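Here is a short set of exercises to work through with the sequence and the coordinates open beside you. Try each task yourself before you read its solution.

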Amino acid sequence: MNITEKIDNITVTTKANVYFDGKCVSHGIQFADGTKKSVGVILPATLTFNTGAPEIMEGVAGSCRVRLKGEDWKTYGAGQSFNVPGNSSFDIEVAGEPYHYICHFG
């Protein structure tokens, strides 16, 4: 199901439940200019994601630990962001409270 709405004169199309596996819920948003973002929540868990396009993950609430392939774990909290290179994978660990995020693709 797609939902199209106008927010501050910007047309936004939301594709509901783009990704849901019981541990992560992600909603995709596409702006009229083609810009895409995901808004979601990762419940306490350790997950591995594989990426196509480069991404910027911004923390909105909660905290997480992230390990890009071949690197050490790093901790990120609300208001912090990290870059994920394209065509890569990363592990993300959330403990305690859910981690809320906005992901920019590009």
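The exercises below concern a predicted model, and each one comes with a worked solution.

**Exercise 1. Find out how confidence is spread over the protein, and where it is lowest and highest.**

Solution. Start with the whole chain: the mean pLDDT is 83, and 80% of the residues score at least 70. Next, go to the elements. Strand β1 (residues 2–7) has the lowest confidence, with a mean of 48, while strand β8 (residues 74–77) has the highest, at 97. Finally, look at the start of the chain: residues 1–5 have pLDDT below 50, yet this stretch makes 16 contacts in the model beyond near neighbours in sequence.

**Exercise 2. Describe the secondary structure, then work out the open sheet of four strands.**

Solution. First count the elements: there are 11 strands and zero helices. Then take the sheet, whose strand order is β5-β10-β7-β8 with antiparallel pairing. Now ask which strands stand at the edges. These are β5 and β8; each has a single partner strand, so one side of each lacks a neighbour in the sheet. On average, neighbouring strands here are turned by 25 degrees against each other, direction ignored. For a closer look inside the sheet, take β7 and β10, which run antiparallel and are joined by four bridges. As an example of bridge partners, Arg67 is matched with Asp91 in β10.

**Exercise 3. Locate the largest nonpolar core and explore the surroundings of Cys64.**

Solution. The core holds 18 residues, and those with the most contacts inside it are Ile42, Cys64, Phe82, Phe90, Ile92 and Tyr99. Then map the core onto the strands: β5 (45–50), β7 (63–68), β9 (81–84), β10 (89–94) and β11 (99–105) each give two or more residues to it. Now zoom in on Cys64. Beyond its neighbours within four places in sequence, Cys64 touches several residues, including Lys74, Thr75, Phe82, Ile92 and Tyr99. For the wider setting, 31% of the 106 residues in the protein count as buried.

**Exercise 4. Decide whether His27 is buried, partly exposed or exposed, and place it in the fold.**

Solution. Begin with the location: His27 sits in strand β3 (residues 24–31). Then apply the cut-offs: buried means under 20% relative accessible area and exposed means over 50%. The relative accessibility of His27 is 29%, so His27 counts as partly exposed. Last, check a partner along the chain: Val39 is 12 residues away from His27, and their C-alpha atoms are separated by 5.4 Å.

Methods: Residues numbered from 1 in each chain as written. Predicted model: local features only at pLDDT ≥ 70, side-chain atom pairs only at ≥ 80, totals over all residues. Heavy atoms only, no water. pLDDT = per-residue confidence, 0-100. Contact = heavy atoms within 4.5 Å. Core = buried A, V, L, I, M, F, W, Y, C linked by side-chain atoms within 4.5 Å. Buried < 20%, exposed > 50% of the residue type's maximum accessible area, 1.4 Å probe, protein only. Pairing = 2+ DSSP bridges. Axes fitted to C-alpha atoms, helices over the stretch in contact; angles between N-to-C directions.
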